[in-house]
Amino acid sequence: MSTHQTREEKLNMKQVLWLILKRIGASLITLFVISLIIFIGVELLPGDVAETILGQSATPDTVEAFRKALKLDLPPYIRYGVWLSDFVHGDFGTSLANGRAVAGLISWRFANTLFLAMTTAVIAVPLAVFLGMLAAFYRNTFFDKLISTITLSFISFPEFFIAYILITLFSVQLNLFPSMASINASMSLWAKFYAIMLPALTLTCVVTAHMMRQTRAAIINVLASAYIEMAEVKGIKRLRIITMHAFPNSLSPVINVIALNLAYLVVGVVIVEVVFVYPGLGQLLVDSVAKRDIPVVQASGLIFAAAYIFLNLMADVLSMLVNPKLRQSQLS
């Protein structure tokens, strides 16, 4: 019996590893397609990059030499292959705006974006799960309806609208937090937290709504199970049923929505960074588009795509690990 169980466990482990490898392969294919879209999109931008950067006063010889330096004289498929190969090897090129290495420009900016996303996640994830559990506990009560109305309002409002409301309230009226989230390497950790409080609160309002509603729906769905009814018949308190029985068995959809919102925090912060003039990768991307700094635009876009795909991959893997039913359905 023990040998039979060991063989089954090994077989299940191999099947799980195969599923994970399939997910990784699909993610790599998706990233490759996105890299094509980014490259083609940049190619279709109107105007000539060399003429735009050098200006109208540049001579034809200067423009031609600059085009050769940028390898714009080569066919698009060759340039795409060279760009993708260099990107894989960590060479993101040189910024056309200031001549600095793109990797150096992006690393600090991307670290700032991750810092803002992680700070928001530390606030939003526990808050969303807690509110979702409370809404499920007080289902169809005034508290549940109030929380649902507030979260639906936050989902309906665009990020910049919430940002400007928070600026007006906490910066202009109460003068508690700065309206511009400027940080630098010399600042202490507490000073950085204080500086990014408003953009973090803005993002918290947006992502908490999605995670809270999904948590509530997942727990309510589990509460309809037979073993939950049996626990209620035994006289177990409802709060204990939700926290100890319903919530652990609803982790799969909750993990999915949390991972998706974490991906949004990393990728979808562009508007918030622009509103608060935050020195993140989103702000750099917007500035680079305005300057026609093509290497920075391409590298930033592909890094955002890679981060989003990676977090979605982690969501799929974690969902399979915590939900055997989902794993078996994908194997069948």
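**Why these words for this model?**

Modeller: Of the protein's 332 residues, 39% count as buried, where buried means under 20% relative accessible area, exposed means over 50%, and partly exposed is in between (1.4 Å probe, protein chains only). This is a predicted model, so local features need pLDDT of at least 70 and side-chain atom pairs count only at pLDDT 80 or more, while totals for chains, interfaces and linings use all residues. Residues are numbered from 1 along each chain as its sequence is written, and side-chain values use heavy atoms, with hydrogens and water left out.

Biologist: How many helices and strands does the protein have?

Modeller: There are 16 helices and 0 strands, counted as DSSP runs numbered from the N terminus (H or I, at least four residues, for helices; E, at least two, for strands). As for contacts (heavy atoms within 4.5 Å), residues 24 or more positions apart account for 73% of those with a separation of 6 or more.

Biologist: Why are α6 and α9 called oblique to each other?

Modeller: Helix α6 (residues 142-156) and helix α9 (residues 197-223) pack at about 135°, with axes 8 Å apart. Angles run from 0 to 180 degrees between N-to-C directions, on axes fitted to C-alpha atoms over the stretch in contact. Under 35 degrees is roughly parallel, over 145 roughly antiparallel, 65 to 115 roughly perpendicular, and the rest oblique. The angle of about 135° fits none of the first three classes, and therefore α6 and α9 are oblique.

Biologist: Which residues make the contact between α6 and α9?

Modeller: On the α6 side they are Asp144, Ile147, Ser148, Thr151, Leu152, Phe154 and Ile155, and on the α9 side Cys205, Ala209, His210, Met212, Arg213 and Arg216. Sorted by class, that gives 7 nonpolar, 3 polar and 3 charged residues. Nonpolar here means Ala, Val, Leu, Ile, Met, Phe, Trp, Tyr, Cys and Pro, charged means Asp, Glu, Lys and Arg, and the others, Gly among them, are polar.

Biologist: And what makes α7 oblique to α9?

Modeller: Helix α7 (residues 159-173) packs on α9 at about 135° with the axes 9 Å apart. That angle puts α7 in the oblique class relative to α9. Here α7 meets α9 through Glu159, Ile162, Ala163, Leu166, Ile167, Phe170 and Ser171, which face Leu198, Leu201, Thr202, Cys205 and Val206. The class count for α7 with α9 is 9 nonpolar, 2 polar and 1 charged.

Biologist: Which way do the crossings go, left-handed or right-handed?

Modeller: One of each: α6 passes α9 left-handed, and α7 passes α9 right-handed. A crossing is left-handed if the near helix is turned anticlockwise from the far one by less than a right angle, and right-handed if clockwise.

Biologist: On to the rings. How many aromatic pairs turn up in the whole structure?

Modeller: The search finds 12. Trp83 and Phe87 make a tilted one, with 6.3 Å centre to centre and 50° between the planes. For Phe160 and Tyr164 the values are 6.5 Å and 70°, so that pair is edge-to-face. The rule pairs rings of Phe, Tyr and Trp (its six-membered ring) with centres within 6.5 Å, calling planes under 30 degrees apart stacked, over 60 edge-to-face, and the rest tilted.

Biologist: Why are Trp83 and Phe87 about one helical turn apart?

Modeller: They sit 4 residues apart in helix α4 (residues 76-88), which means a separation of about one turn. Both are buried. Trp83 and Phe87 also belong to one aromatic cluster with Phe32, Phe39, Tyr80 and Phe92.

Biologist: How do you know whether Phe160 is buried or exposed?

Modeller: Neither word fits: its relative accessible area is 38%, so Phe160 is partly exposed. Tyr164, at 46%, is partly exposed as well.

Biologist: What makes Thr119 count as buried?

Modeller: Its relative accessibility is 10%, so Thr119 goes into the buried class. Thr119 is in helix α5 (residues 102-137) and touches Phe193, Ile196 and Ala200, leaving aside residues up to four places away in sequence.

Biologist: Why is Asn140 called exposed?

Modeller: Asn140 has a relative accessible area of 55%, so it is exposed. Asn140 lies in the loop between α5 and α6, and its phi is positive, about 65°, although it is not a glycine.
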